[in-house]
Amino acid sequence: MNTLQITNVSKTYANGVKALDTISLTIHNGMFGLLGPNGAGKSSLMRTIATLQEQSSGNILFNEIDIVKHPQELRNQLGYLPQEFGVYPKISAQKLLDHLAILKGIINKKERKEQVEALLLQTNLYQHRKKAVHTFSGGMRQRFGIAQALLGNPKLIIVDEPTAGLDPEERNRFLNLLSEIGEHIIIILSTHIVEDVKDLCSNMAILSQGKIITEGIPAKLTEKLEGKIWHKIVKKQDLKSYQSAFNVISTRLISGKTQLHILADKKPEAGFEPIHPGLEDVYFSTLQG
């Protein structure tokens, strides 16, 4: 069992921006969802865990090793897919993966060839192995990103906003690939897309303005809202009066009308119906505090 222990981690940048504020999390094997809006501090936390920057205070232990004192020990066991990654132009997927394998310390040529071919097969890119990566579609590029993150059999994988901009078919293919990998290692999935966490993660936390505002098992977090979420279809022009009268946590336009979700212990007024809460309700109600 792998364990990532984050204790009271804060990060303040040179310009005075406090990106992380006393974050504490314990993460074990499986997929962990880090959910939060853009600017919440998700990428700052991912970069800190990946030893690309040091925290201002607090500590991070991976399998009881302090990652600031021994960054190379973590890097040897880390796979990282950042939000955006550049590739060398005109180099085929196979050659680029081979080059990255050398950088990861896989020196044995036979072992490297076997691992590169296995990963191209696993990520469904083997038939495209001779094409240049910069010509790949968004989804193919993300799958290549996972292939390079898996080099060297890492014990911790970090993926930052991996499905943003993917079409539904590519998103499903990518998420299926992640869930296949994530049984015996830690995968941290940082995203602002609630469905990514709902579909995949056995544990999660919501980050806002650099702080963890809730954490737990997605099903248990939604259970807590049972009987407290009400919905109603209203006219668009009535939306403002509902927002001032009730705790509206989300609105959605459906066929020109607005569907409201309201958090309340009892029926807000006539016309409201109870609805089974989803993770989106947890997300929006938590963000609103």
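Contact here means heavy atoms within 4.5 Å of each other. With that in hand, here's a quick tour of this predicted model. Two open sheets come up below: one has 6 strands, and the other has 4 strands. Helix α6 lies across strands of the 6-stranded sheet, while helix α10 lies across strands of the 4-stranded one.

**The sheet of 6 strands**

- Reading across this open sheet, the strands come in the order β6-β7-β8-β3-β9-β10, and the pairing is mixed.
- The edges belong to β6 (78–81) and β10 (211–216); each has a single partner strand, so one side of each has no neighbour in the sheet.
- From one strand to the next, the twist averages 15°.
- β6 pairs with β7 (residues 156–160) in the parallel sense, over 4 bridges.
- To pick out one spot, look at G79: its bridge partner in β7 is I157.
- Helix α6 (residues 168–181) lies across β3 (30–35), β6, β7 and β8 (186–191), and it runs at about 150° to β8.

**The sheet of 4 strands**

- This one is open too, with the order β12-β13-β11-β14 and antiparallel pairing.
- β12 (248–254) and β14 are the edge strands here; each has a single partner, so one side of each is left without a neighbour in the sheet.
- β12 and β13 run antiparallel and are joined by 6 bridges.
- Along that pairing, you'll find R252 opposite Q259 of β13.

**Helix α10**

- Helix α10 lies across β11, β12 and β13, and its direction is at about 130° to β12.
- Within this helix (residues 279–287), the buried residues are L279, D281, V282, Y283, S285 and T286.
- In general, an α-helix has 3.6 residues a turn, so residues three or four places apart point the same way.
- After α10 comes G289, which has a positive phi, near 75°.

**K232, a buried lysine**

- K232 sits in strand β11 (residues 229–234).
- Its relative accessible area is 15%; buried means under 20%, so K232 counts as buried.
- The side chain of K232 makes a polar contact of 3.0 Å with the side chain of E269.
- A polar atom of the K232 side chain also lies 3.4 Å from the backbone oxygen of A270.
- Setting aside neighbours within four places in sequence, K232 is in contact with Y242, T258, Q259, L260, E269, A270, G271 and F272.

**Aromatic rings**

- Searching the whole structure turns up 4 aromatic pairs.
- One of them is Y242 with F272: the rings are edge-to-face, 6.1 Å centre to centre, with 70° between the planes.
- That pair links distant parts of the chain, 30 residues apart: Y242 is in helix α9 (residues 239–245), and F272 is in the loop between β13 (257–263) and β14 (273–274).
- Y242 and F272 are both buried, and both are among the residues that K232 contacts.
- F246 joins in as well, since ring pairs link Y242, F246 and F272 into a cluster.
- There's also a charge over a ring to look at: the charged end of R129 sits over the ring of Y126, 3.9 Å from its centre.

How values were computed: Residues are numbered from 1 along each chain as its sequence is written. This is a predicted model: local features need pLDDT of at least 70, side-chain atom pairs count only at pLDDT 80 or more; totals for chains, interfaces and linings use all residues. Side-chain values use heavy atoms; hydrogens and water are left out. Rings of Phe, Tyr and Trp (its six-membered ring) pair if their centres lie within 6.5 Å; planes under 30 degrees apart count as stacked, over 60 as edge-to-face and the rest as tilted. Buried means under 20% relative accessible area, exposed over 50%, partly exposed in between (1.4 Å probe, protein chains only). A charge sits over a ring if NZ of Lys or CZ of Arg is within 6 Å of the ring centre and within 35 degrees of the ring normal. Two strands pair if DSSP finds at least two bridges between them. Axes are lines fitted to C-alpha atoms, for helices over the stretch in contact, and angles run from 0 to 180 degrees between N-to-C directions. A polar contact is a pair of N or O atoms within 3.5 Å; within protein, one must be able to donate a hydrogen and the other to accept it, and residues adjacent in sequence count only if both atoms are side-chain atoms.
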